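Hello,

Here is the structure I said I would pass on. My notes on it follow below.

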Amino acid sequence: MRRIGSWLILSFRMHRWEVVASAAGVAILAAVMLWFAWQMRTLAATDPECLDPRAYAPGCTQLGQRFYELSSKAEWLSYLSWGTPFGMGLVLGVPLVSREIEQRTASIAWTLSRSRVRWLVQRVAFLTLDLIGVLTVIETAVEVRASATLPDLPPARASAAAGGRSGALGVRGHRWTGTTR
């Protein structure tokens with residue numbers, strides 16, 4: 001257990017800027033998505049009948065228009081979340097080996113390690129844990145935003161109806177960083 005703790009600390013120190021940059025970017029995106037969800041839920045709670053597109057209620061046009069305007073803006077954030085795995089692959093994956101190559105320490109690190117594969121697995125494992133955590137936050141924010149867009153449906157069905165992925169972001173994140181090989 002002590003060995004795992006020291007490995008985590010060393011890995012964080014090696015990749016602290018990548019981890020901080022990815023966490024900051026995801027925190028900003030998630031916060032904006034949650035703000036839009038809060039605004040839409042507030043509008044939906046004021047008069048739920050106004051948001052039903054099949055029913056006409058007099059005096060609801062302004063409320064409905066504001067709700068759908070917020071919903072369309074929040075939809076763009078969901079499109080941005082689709083690019084998050086690719087962005088995280090670049091932010092976390094590129095410096096993985098390039099730092100060793102640029103500093104000309106790759107041959108030293110690779111010869112001191114028992115095997116190159118083990119060396120690479122140790123580097124990739126920490127970044128994979130970070131990637132899973134970051135993408136889980138984004139996935140949760142997308143589902144909250146989707147359930148605010150379709151307030152009549154249960155959260156799981158609202159997320160599916162609004163294009164939610166239910167864990168697919170993590171799978172795509174592995175594909176972009178190449179950690180499934």
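Thr128 sits in helix α6, which covers residues 116–149. This is a predicted model, so everything that follows is computed from predicted coordinates. With a relative accessibility of 16%, Thr128 counts as buried, because the cut-off for buried is under 20%. A polar atom of the Thr128 side chain lies 2.7 Å from the backbone oxygen of Val124.

Helix α6 also holds Val144. Val144 has a relative accessibility of 29% and therefore counts as partly exposed. Leaving out residues up to four places away in sequence, Val144 touches Leu34, Ala37 and Arg41. For one of these, Ala37, there is also a backbone distance: its C-alpha atom and that of Val144 are separated by 6.6 Å, although the two residues are 107 apart along the chain.

Next, helix α3. This helix runs over residues 61–82 and includes Ser71. Is Ser71 buried or exposed? Its relative accessible area is 11%, so Ser71 is buried. Beyond its neighbours within four places in sequence, Ser71 is in contact with Met40 and Thr149. Thr149 falls within the range of helix α6, residues 116–149, and Met40 within that of helix α2, residues 16–46.

Tyr68 is found in helix α3 too. At 41% relative accessibility, Tyr68 is classed as partly exposed. Met40 comes up again here: the C-alpha atoms of Tyr68 and Met40 are 8.7 Å apart, with their positions 28 residues apart along the chain.

On the surface, Phe86, Leu90, Val91 and Val94 make a nonpolar patch of about 320 Å². Val91, one of the four, is in helix α4, which spans residues 84–102. Its relative accessibility is 31%, so Val91 counts as partly exposed. That value can belong to a patch because patch residues need over 30% relative accessible area.

Now the protein as a whole. How many helices and strands are there? The protein has 8 helices and 0 strands, and from the N terminus on its elements run α-α-α-α-α-α-α-α. Of its 181 residues, 35% are buried. About 11,200 Å² of the protein is exposed, and carbon and sulfur atoms supply 65% of that area. Among contacts with a separation of 6 or more, 75% are between residues 24 or more positions apart. The contacts of Val144 with Leu34, Ala37 and Arg41 were described above.

Finally, confidence. The mean pLDDT of the protein is 76, and 76% of its residues reach 70 or more. Where is confidence highest, and where is it lowest? It is highest in helix α2, residues 16–46, at a mean of 89, and lowest in helix α8, residues 168–177, at 47. Over residues 169–181 pLDDT stays under 50. The model has 25 contacts beyond four places in sequence for that stretch. Where pLDDT is low, the predicted coordinates should not be read in detail.

Regards

How values were computed:
Residues numbered from 1 in each chain as written. Predicted model: local features only at pLDDT ≥ 70, side-chain atom pairs only at ≥ 80, totals over all residues. Heavy atoms only, no water. pLDDT = per-residue confidence, 0-100. Helix = DSSP H or I, 4+ residues; strand = E, 2+ residues; numbered from the N terminus. Contact = heavy atoms within 4.5 Å. Buried < 20%, exposed > 50% of the residue type's maximum accessible area, 1.4 Å probe, protein only. Patch = residues over 30% accessible without salt bridge, like charges linked within 9 Å, V, L, I, M, F, W, Y side chains within 5 Å. Areas by Shrake-Rupley, 256 points an atom, 1.4 Å probe, with all protein chains shown as cover. Salt bridge = Lys/Arg side-chain N within 4 Å of Asp/Glu carboxyl O. Polar contact = N/O pair within 3.5 Å; in protein donor to acceptor, adjacent residues only side chain to side chain.
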